[in-house]
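User: I'm new to reading protein models and would love a close look at one single part. Could you pick a loop residue and walk me through its surroundings?

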Amino acid sequence: SVILKIAAAVLLVIATGIAINYYSASGDQVYQTADSNKKITLPDGSIVSLNRNSTLSYTKSFGDDHRKVALSGEGFFEVKPDKQNPFTILVDDMVITVVGTSFNVQGYNSGKDLEVTVETGVVRLKSTKINEPLDLKAGEKGIYKKTELKLIAKRNDDSNFLAWKTRRIVFEGNNLSTVAETLQSVY
């Protein structure tokens with residue numbers, strides 16, 4: 001019985017560090033990560049790199065008449081172009097729409113600001129609480145200030161925005177608190 005308890009404890013530790021892939025009761029595809037990242041290829045050929053402690057889900061009809069996913073956490077999207085069928089990501093009350101591009105979405109906590117950083121192409125941000133959408137181009141970052149109900153576009157000055165995915169970090173003239181914050185978010 002002691003061996004069984006030890007084996008159960010070891011399995012629990014291992015299970016908390018791996019990504020989980022399952023179908024919900026409604027037939028939706030759900031991917032969840034714990035302490036590791038996961039690369040997912042969607043039915044349309046788009047690729048999502050899901051960061052730690054994140055969830056991505058989509059319905060079984062994905063690709064038939066829509067390309068819509070829901071995200072909680074952080075993910076880097078490499079969307080296959082399809083002008084007839086735009087790709088949509090739902091994060092809290094934010095709707096992100098693209099045709100074919102690559103970008104990062106950071107929306108871990110519903111109380112915090114949501115950030116979208118565009119690597120290639122154009123991304124449209126639209127909140128269900130704000131009338132005007134915001135279009136972002138490559139090299140730009142969009143910030144949704146949830147408490148102020150504002151969408152802000154600015155140039156992306158953070159060369160480490162994909163460090164969680166690439167494990168490549170560059171520091172030039174950064175203060176110690178920025179270095180510590182970046183290292184903590186990556187590792």
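Analyst: Here is a walk through one loop residue, with the whole protein and a hairpin for context. A quick note: this is a predicted model, where local features need pLDDT of at least 70, side-chain atom pairs count only at pLDDT 80 or more, and totals for chains, interfaces and linings use all residues. Residues are numbered from 1 along each chain as its sequence is written, and side-chain values use heavy atoms, with hydrogens and water left out.

Let's zoom in on T101, which sits in the loop between strand 8 (94-98) and strand 9 (102-107). Strands here are DSSP runs of E, at least two residues long, and helices are runs of H or I, at least four long, both numbered from the N terminus. Is T101 buried or exposed? T101 counts as buried because its relative accessibility is 5%; buried means under 20% relative accessible area, exposed over 50% and partly exposed in between, using a 1.4 Å probe and protein chains only. Leaving out residues up to four places away in sequence, T101 touches F77, E78, V79, V118, T120, G121, V122 and V123, where a contact means heavy atoms within 4.5 Å.

Now step back. The protein has three helices and 14 strands, and 36% of its 187 residues count as buried. Of the contacts between residues at least 6 apart in sequence, 34% join residues at least 24 apart.

For the hairpin, look at strand 3 (residues 38-41) and strand 4 (residues 47-50), which pair in the antiparallel sense over four bridges; pairing takes at least two DSSP bridges. T41 has I47 as its bridge partner in strand 4. Five residues lie between the two strands, and G45 in that turn has a positive phi of about 95 degrees.
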